[in-house]
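Morning, everyone. Please have the sequence and the 3D view open, and follow along as I talk.

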Amino acid sequence: MPTKGMGRPQRQQMRLVVIGGGTGLSVLLRGLKYESVHITAIVTVADDGGSSGRLRAEMDMPPPGDIRNVLTALADTEPLMEKVMQYRFSTGTGLAGHNLGNLLLAAMNEITGDFVTAVKALSGVLAVRGDVLPASTQSIQLIAEMKDGTLVAGESQIPLAGKEIKRVYLEPSDAAPLNEALLAIADADAILIGPGSLYTSIIPNLLVRGLFSAIARSTAPKIYICNVMTQPGETDGFAASHHVNAMYQHVGGPFLDTIIVNSAKLPFYVLEKYAEKGAKPVRYDLKQLRQLGLHIVAKPLVTFEDGYLRHDAHAVSKQVVSLVKRRRRG
């Protein structure tokens, strides 16, 4: 008998929609691109800091930073090209602080007259494996209402406020998604959410009008890849279930099927390094996750490189593909 997510004929190549932003999403995509899957990445466009924020304000375009990171992660190019895309100028009047990949996207936007076309054009140049779509092409500002009632405007400013977040919302509230994103969600064999900053990378995508409705309508499994560490000023003290409940509160109810969490114990020197910045491991609270009705995949899924904890992209990708294959087989 067919199970949830098996209402369509099976295809040889699995189609995955991955939703998020920031470093976490890029790390995951570096592993997924080597699997036999078609990837559509739907990327947050609420960034207002650094080079992205400057280009957004000066050129009236969506912030390119998260898009650039995703394009680079999915690119099938020489390592030198990745260094070019990620190169940040340290000197030069007007250039200092700008990222070359951001400037390339800004140039493409000017040449083509359309940000989505610009992203597609640069995708072709970089031989990107999959499709990369902004969550919306409208200029979006992220605003946080804190538990004490104060409002903080701007994605870059929210974690710096040092206050507990009650909720986040978008202005304008009616920002619309791309039709291509809605079609990709409708055609997905699985929808992956995260990893990434909960309130500033993940939830903003779910708040784009129509995007979450498409996710809710989809019969494909919806898989949340939980962060390994808490984020100071954003998820202090959060366990895995707190991340899930925060999403549910913002969209009006449950929608996830599965959560992937890291079960590896972290070395003391790693914990000590992160504790200096106010970050702690996200607690894997099994009882609460079970009460939420989630299928739980708990595996050692982290690696420590360049002084930072990262999801092991290949290990997580293989878990995702294996999980979706089992669901497709019923």
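I'll go through the pockets, the cavity, some strands and helices, and then the aromatic rings.

One thing before we start: this is a predicted model.

Let's begin with open space. Rolling a probe the size of a water molecule over the atoms shows where empty space is left. How big is the volume of the largest pocket? About 1100 Å³. The lining of that pocket has 38 residues. Closest to the centre are Thr 23, Gly 24, Ser 197, Gln 231 and Arg 310. Click on those five to find the middle of the pocket.

Which elements build this lining? Helix H1, residues 22-32, gives at least two residues. So do helix H2 (50-59), helix H3 (65-74), helix H8 (198-206) and strand E12 (308-311). Now the classes. The lining of the largest pocket holds 20 polar residues, 10 nonpolar and eight charged.

Next, the second largest pocket. The space in it is about 380 Å³. Its lining has 15 residues. Nearest the centre are Thr 23, Val 27, Arg 30, Glu 305 and Arg 310. Two or more lining residues come from each of H1, helix H4 (79-86), strand E11 (302-305) and E12. Which element gives the largest share? That is H1, with four residues. By class, this lining has six charged, six polar and three nonpolar residues.

You may have spotted some repeats. Thr 23 and Arg 310 are among the residues closest to the centre of the largest pocket. Thr 23 and Arg 310 also lie nearest the centre of the second largest one.

Now for closed space. How many cavities of 30 Å³ or more does the search find? One, in the whole structure. The space inside is about 40 Å³. Around this cavity sit Thr 44, Val 45, Ala 46, Ala 135, Ile 140, Leu 170, Pro 204, Asn 205 and Val 208. Seven of the lining residues are nonpolar, two are polar and none is charged.

Pro 204 and Asn 205 take us to helix H8, where both are buried. In fact, nine of the nine residues of H8 are buried. The others are Leu 198, Tyr 199, Thr 200, Ser 201, Ile 202, Ile 203 and Leu 206. H8 also supplies at least two residues to the lining of the largest pocket.

Strand E2, residues 37-43, comes next. Why is E2 called largely enclosed by the rest of the structure? Because seven of its seven residues are buried. Look at the two faces. On one side are Val 37, Ile 39, Ala 41 and Val 43, and on the other His 38, Thr 40 and Ile 42. Both sides are covered. E2 runs parallel to strand E1, residues 14-20, and seven bridges join the two. One bridge to find: Gly 20 has Val 43 in E2 as its partner.

A quick stop in helix H2, at Ser 52. Is Ser 52 buried or exposed? Its relative accessible area is 3%, and the cut-off for buried is under 20%, so Ser 52 is buried. From its C-alpha to that of Pro 281 is 29 Å, and the two are 229 residues apart along the chain.

Over to E11 and E12. These strands pair in the antiparallel sense, over four bridges. Together they form a hairpin, with two residues between them. In the turn, Asp 306 has a positive phi of about 55°. Across the pairing, Phe 304 stands opposite Leu 309 in E12.

Last topic: aromatic rings. The whole structure has five aromatic pairs. Take Tyr 87 and Phe 89. Their ring centres are 5.2 Å apart and their planes are at 85°, so this pair is edge-to-face. Tyr 87 counts as partly exposed, at 41% relative accessibility.

Tyr 269 and Phe 304 are edge-to-face too, with centres 5.6 Å apart and planes at 85°. This pair links distant parts of the chain. Tyr 269 is in helix H11 (residues 268-275), Phe 304 is in E11, and they are 35 residues apart. Phe 304 is partly exposed, at 30% relative accessibility. There is also one aromatic cluster formed by Phe 212, Tyr 248 and Phe 255.

Two lysines finish the tour. Lys 273 lies over the face of Tyr 308, 5.9 Å from the ring centre. Lys 277 lies over the face of Tyr 274, at 5.9 Å from the ring centre.

That's my run-through. Thanks for listening.

Note on methods: Residues numbered from 1 in each chain as written. Predicted model: local features only at pLDDT ≥ 70, side-chain atom pairs only at ≥ 80, totals over all residues. Heavy atoms only, no water. 1 Å grid on protein atoms, 1.4 Å probe; cavity = no way out; pocket = protein on both sides within 12 Å on 5 of 7 lines; lining within 4 Å. Points joined across faces, edges and corners; volume = space filled by probe spheres on them. Nonpolar A, V, L, I, M, F, W, Y, C, P; charged D, E, K, R; others polar. Phe/Tyr/Trp six-rings, centres within 6.5 Å; stacked < 30°, edge-to-face > 60°. Buried < 20%, exposed > 50% of the residue type's maximum accessible area, 1.4 Å probe, protein only. Lys NZ or Arg CZ within 6 Å of the ring centre and 35° of its normal. Pairing = 2+ DSSP bridges.
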